[in-house]
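Biologist: I should like to go through this chain region by region. Please give the reasoning behind each reply.

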Amino acid sequence: MLEDRIAAASPTPWPAAYPEGYAVVDVETTGLARDDRIVSAAVYQLDARGRVEDSWYTLVNPRRDPGPVWIHGLTSEVLADAPVFEDVAEEFAKRLDGRVLVAHNAAFDWSMIAREYARAGSEAPVRRRLCTIALSKELGLPLPNHKLESLAAHYGVEQRQAHHALDDARVLAEAFRPSLALAAEANLRLPLLACQPLTEWSDGPAAIRSATVGYQPSWQHRGGATWRPSRKRPACPYPNPGRYEPGKQLIQGMRVAFSGDTSIDRELLEDRATEAGLHVATSISRLTSLLVTNDPGSHTSKTVRARQYGTPVVDEAAFVQLLSHVLPAEGARPGAPGR
């Protein structure tokens, strides 16, 4: 259990708008892509003021290559007798239910958890998340970078086993508690974001090969980095008609970019856009017709560029609605060169 170092220093009254409980989470995975799986997970439950209530840890058999063993140390042999995600989903959900999910780079942990629940045909009971990187920025902590080890060092928290889910969750809980106290003392609005559970799921080719052929690594190790071939999409056959005009309809050929979490799996959403005749762009330029994001106030490179260029922005729900009524390209036919 963690020490109650900050209990006496907690300000009174505590901000009424703050959450009533937190689930500090860390997951280790087979990689970083949509088809990758969780191999271990840990949760520290904290009360409203950051006091530890419980901790939980499990290994998870990913039913595929375990990925970067040199990072998380979990081999196929170690994971062979571990439960599959469906077997731990209910217990995991109990630890998350009704709490704000807290993680270091929370978008990643949340996306991996949401995908696992979607594969299992259910939803994670999480509606909000808090990223400790974002909180550190809000507090203006003098950190050299955004690594967990830097945040831990700032608060004098000892890391005993980096990249072990239970120890990383413990370290993060230790570092989150004083950050939460500082935020409360300043009556700072916490950087909470909505978590939208995936509503659709389809495993990609890499996951299907793993399930049918056996363990097949879907990525390679190159000089300490992970690498995957990029996903190729067919060229859009329609010319770009320009920017989307709010209140009007999308037109085939419009260049659409996505940023941040989506409730529908990102690749499914991109596939829908491509099938509707839109050009799915991987970056923002002056030619981009529309940016789709559920967090327009974020500071990702895409949202920053969209603001700079005046690119129209809509959220996912509005985009899905627009997708159902995409206008045909004027004077263009499939196969005509785009621009």
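Modeller: One definition is needed at the outset: a residue is called buried when its relative accessible area is under 20%, and exposed when it is over 50%. Please bear in mind that this is a predicted model.

Biologist: Which residues of helix α11 are buried?

Modeller: Helix α11 covers residues 316-323. By the cut-off of under 20% relative accessible area, the buried residues of α11 are E316, F319, L322 and L323.

Biologist: Within what arc do the buried residues of α11 fall, seen down its axis?

Modeller: These residues line one face of the helix, because their directions, viewed along the axis of α11, are confined to a limited arc. The face turned away from the buried side carries the exposed residues A317 and Q321. The arc that holds the buried residues is one of 120 degrees.

Biologist: Against which elements do the buried residues of α11 pack, and which residue caps its N-terminal end?

Modeller: The packing partners of the buried residues are β9, α9, β11 and β12. At the N-terminal end, a side-chain oxygen lies 2.9 Å from the backbone nitrogen of A318. The residue that supplies this oxygen, and so caps α11 within the polar-contact limit of 3.5 Å, is D315.

Biologist: In what order do the strands of the open sheet of 4 strands lie?

Modeller: The pairing in this sheet is parallel. Its edge strands, each paired on one side only, are β10 (279-281) and β12 (313-314). Strand β11 (residues 290-293) pairs with β12 over 2 bridges, and L291 has V313 as its bridge partner. The order is β10-β9-β11-β12.

Biologist: At about what angle does helix α10 run to β11?

Modeller: Two helices can be placed on the sheet strands. Helix α9 (residues 266-275) touches β9 and β10, and its direction makes about 170 degrees with that of β9. Helix α10 (residues 301-309) lies across β9, β11 and β12, and its angle to β11 is about 140 degrees.

Biologist: Which residue in the turn between β2 and β3 has a positive phi?

Modeller: Strands β2 (residues 38-47) and β3 (residues 52-59) run antiparallel and are joined by 7 bridges; V43 stands opposite W56. The two strands form a hairpin with 4 residues between them. The turn residue with a positive phi, of about 90 degrees, is G50.

Biologist: Is A41 buried or exposed?

Modeller: A41 is found in strand β2. Beyond its sequence neighbours within four places, its contacts include D26, W56, F92 and A165. With a relative accessible area of 1%, A41 is buried.

Biologist: How many residues apart in sequence are the parts tied together by E53 and R99?

Modeller: The side chains of E53 and R99 meet in a salt bridge at 2.7 Å, N to O. E53 is partly exposed at 42% relative accessibility, whereas R99 is buried at 17%. Because E53 lies in strand β3 and R99 in the loop between α3 and β4, the parts tied together are 46 residues apart.

Biologist: Which residue forms a salt bridge with D54?

Modeller: D54 is partly exposed, at 26% relative accessibility. Its partner counts as buried, at 14%, and the closest N and O atoms are 1.9 Å apart. The pair links strand β3 with helix α3, 41 residues apart. The partner of D54 is R95.

Definitions and conventions:
Residues numbered from 1 in each chain as written. Predicted model: local features only at pLDDT ≥ 70, side-chain atom pairs only at ≥ 80, totals over all residues. Heavy atoms only, no water. Pairing = 2+ DSSP bridges. Contact = heavy atoms within 4.5 Å. Axes fitted to C-alpha atoms, helices over the stretch in contact; angles between N-to-C directions. Buried < 20%, exposed > 50% of the residue type's maximum accessible area, 1.4 Å probe, protein only. Arc of directions from axis to C-beta. Polar contact = N/O pair within 3.5 Å; in protein donor to acceptor, adjacent residues only side chain to side chain. Salt bridge = Lys/Arg side-chain N within 4 Å of Asp/Glu carboxyl O.
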